[in-house]
Amino acid sequence: MGILDGRVIIVTGGAKGIGLAYCRGLAAEGAAVVVADLTDGSDVVAELSASGAEATSVQVDVSDAGQTEAMAAAAVDAYGRIDGLVNNAAFYMAATRAPMWELPPDEWDLCFAVNVRGSWLCARAVLPAMRDGGGGRIVNIASMTVNDGTPNFLHYVSSKSAVWGLTRAMARELGGFGINVNTITPDYIPHDEAYSSVQPEVDVFIQARRAFKRTQTPEDMVGTLVYLMSPLSDFVTGQNIWVNGGSGFH
């Protein structure tokens, strides 16, 4: 028995990296997981199914309204309901690191299309099912780069700052439907070997400022997500929870 038994939860960007850790953690607590990603999530579904969990996958570009609606429809077709949405998909790894005057305008648009518009579109797509089911949980993912004002990353930082505001406004609008909306803000997680290997000094620097002086892993995020998806957080909405090992307080 798990605390999420009977719940159906969509995880965008769930086929790899931190999203994969979310899928594994939610499934371990009994949730049926919809692995939504630009890439094929069938390997993740096979892994979760082998462990006895319920899982299905759908390919989706979260910046496309029609595709997000198809994603929600696929979840309902598979399980008859939607209880949770994790807006994890983001434009991040391929983002240019450069002074603001050198950032490509089309990349600025892409950051906001995926990170902000995508979160809104996915929430809009699952709303009818959650409303009909009497409630639900939406968790948006932000970034400590917002608090730090990380330089040479203005488009990404700005988009994740917008996610904080998105959460607060959505919590007000959706509370009447019994839908909780919250944000989790992680610190730097070097989950991609190709990226972290070319910037080893980033993790060393960030570890030094943490209370817990170690690398943050995708699994460090799972407990907070499970809490926000569970009955334990029934009266929690519009909040931003920092999961950063003590690299910053608020």
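**Close-up views of salt bridges and helix H4**

Nine salt bridges are present in the structure, which is a predicted model. The legends below treat individual pairs, a shared network and one helix.

**View 1. Salt bridge between Lys16 and Asp37.** The side chains of these two residues meet at 3.4 Å, N to O. Lys16 is placed in the loop between strand S1 (8-12) and helix H1 (17-28), and Asp37 belongs to strand S2 (residues 32-37), so the contact ties together parts that are 21 residues apart in sequence. Asp37 is classed as buried because its relative accessibility is 4%, a value under the 20% limit for that class.

**View 2. Salt bridge between Arg24 and Glu47.** The N to O distance between the two side chains is 2.6 Å. Arg24 is part of helix H1 and Glu47 is part of helix H2 (residues 42-50); the pair therefore ties together parts that are 23 residues apart in sequence. Both partners have intermediate accessibility: Arg24 counts as partly exposed at 36% relative accessibility, and Glu47 counts as partly exposed at 34%.

**View 3. Salt bridge between Arg137 and Asp234.** Here the side chains meet at 2.3 Å, N to O. The two residues are 97 residues apart and link distant parts of the chain, with Arg137 in strand S5 (residues 136-141) and Asp234 in the loop between helix H9 (222-229) and strand S7 (240-243). Arg137 is buried, its relative accessible area being 5%, whereas Asp234 counts as partly exposed at 48% relative accessibility.

**View 4. A network of salt bridges that share partners.** Asp148, Asp187, Arg209 and Arg210 are joined into one network by such bridges. As a general principle, side chains of opposite charge can pair when their charged atoms come close.

**View 5. Helix H4 and the residue Gly134 that lies just after the helix.** Helix H4 comprises 28 residues (residues 105-132), for which a rise of 1.5 Å a residue predicts a span of 40 Å; the end C-alpha atoms are 40 Å apart, so the model agrees with the expected value. Within H4, a bend of about 40 degrees occurs at Val126, and the proline Pro128 follows within four residues. Just after H4, Gly134 adopts a positive phi of about 90 degrees.

Notes: Residues are numbered from 1 along each chain as its sequence is written. This is a predicted model: local features need pLDDT of at least 70, side-chain atom pairs count only at pLDDT 80 or more; totals for chains, interfaces and linings use all residues. Side-chain values use heavy atoms; hydrogens and water are left out. A salt bridge is a side-chain nitrogen of Lys or Arg within 4 Å of a carboxyl oxygen of Asp or Glu. Buried means under 20% relative accessible area, exposed over 50%, partly exposed in between (1.4 Å probe, protein chains only). The expected span of a helix is 1.5 Å times one less than its number of residues. The bend at a residue is the angle between axes fitted to the seven residues ending there and the seven starting there.
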